[in-house]
Structure formats: structure tokens, C-alpha cells
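Colleague: I should like to go through this model step by step. May we begin once it is in view?

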Amino acid sequence: ITKPISPDYYVLNGVDCYDLVKHMPYFQASALAHVIRAGRKSGENRSDALRNAIQCLEAQLAAWEEEKQ
């Protein structure tokens with residue numbers, strides 16, 4: 001499998017976001033991606049990116065809570 005080429009805003013200090021998130025649950029991975037690119041992606045408001053990350057984490061928590069039932 002060929003690794004996708006990530007835009008610059010997904011690479012932080014030489015670490016590709018893809019390498020960090022590829023084995024994480026979906027919502028957790030999405031949250032981390034939003035945090036990494038916050039303030040770095042053209043046209044995206046930093047606050048909005050962090051709010052999106054919070055929404056992803058809340059969705060992950062809800063999924064884990066649902067699994068417990």
C-alpha cells in the first residue's frame with residue numbers, strides 16, 4: 001500500500017499526521033488531524049479547527065460509552 005502524500009499543513013516538525021493516526025479510531029484520528037492543522041491550513045480558522053477537534057473527541061467518547069452498554 002502506498003502512503004498518501006500529505007499537504008504541508010498535515011506535517012508538523014517533520015512528522016506526518018498520517019503516520020500518527022493510521023491505527024487510531026476514526027474520531028480520535030480526526031481530532032488529532034484538526035489539532036495539527038489548526039492555523040496552518042489556508043482559509044481555515046484556527047478556532048473552527050479546534051472546535052471540530054472537540055466535536056470529534058465528543059463523538060469518540062460517545063462511541064466508547066455506547067460500547068460499554
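The questions and answers below move from the overall fold to single residues.

Colleague: In what order do the helices and strands follow one another along the sequence?

Modeller: Please note that this is a predicted model. The protein has three helices and two strands. Read along the sequence, these elements give the pattern β-β-α-α-α.

Colleague: What percentage of the residues of the protein count as buried?

Modeller: A residue counts as buried when its relative accessible area is under 20%. The protein has 69 residues, and the share of them that meets this condition is 26%.

Colleague: Which helix supplies the largest share of the largest nonpolar core?

Modeller: The largest nonpolar core has six residues, namely Tyr10, Cys17, Val21, Ala29, Ala33 and Ile36. Both α1 (17-21) and α2 (26-37) supply at least two residues of this core. The largest share, three residues, comes from α2.

Colleague: Which residues does Ala33 touch, not counting residues up to four places away in sequence?

Modeller: Ala33 is one of the six residues of the largest nonpolar core. In soluble globular proteins, nonpolar side chains tend to be buried together. With residues up to four places away in sequence left out, Ala33 touches Tyr10 and Cys17.

Colleague: Is Asp16 buried or exposed, and why?

Modeller: Asp16 lies in strand β2, which covers residues 15-16. Not counting residues up to four places away in sequence, Asp16 touches Lys3, Ser6, Tyr10 and Val11. Because its relative accessible area is 9%, Asp16 is buried.

Colleague: With which side chain does the side chain of Asp16 make a polar contact?

Modeller: Ser6 is among the residues that Asp16 touches. The two side chains make a polar contact at 2.9 Å, so the partner of Asp16 is Ser6.

Colleague: Why does His34 count as buried?

Modeller: His34 lies in helix α2. Not counting residues up to four places away in sequence, His34 touches Ala49, Asn52, Ala53 and Cys56. His34 counts as buried because its relative accessibility is 13%.

Colleague: Which side chain makes a polar contact with the side chain of His34?

Modeller: The contact in question joins two side chains at 3.4 Å, and the partner of His34 is Arg37.  A polar contact requires a pair of N or O atoms within 3.5 Å, so this distance is accepted for Arg37.

Colleague: How far apart are the mean positions of the positive and negative charges of the protein?

Modeller: The protein has 8 positive and 9 negative charges. The mean positions of these two sets are apart by 6 Å.

Methods. Residues numbered from 1 in each chain as written. Predicted model: local features only at pLDDT ≥ 70, side-chain atom pairs only at ≥ 80, totals over all residues. Heavy atoms only, no water. Core = buried A, V, L, I, M, F, W, Y, C linked by side-chain atoms within 4.5 Å. Buried < 20%, exposed > 50% of the residue type's maximum accessible area, 1.4 Å probe, protein only. Helix = DSSP H or I, 4+ residues; strand = E, 2+ residues; numbered from the N terminus. Contact = heavy atoms within 4.5 Å. Polar contact = N/O pair within 3.5 Å; in protein donor to acceptor, adjacent residues only side chain to side chain. Lys, Arg positive; Asp, Glu negative; His and termini not counted. Charge placed at Lys NZ, Arg CZ, Asp CG, Glu CD.
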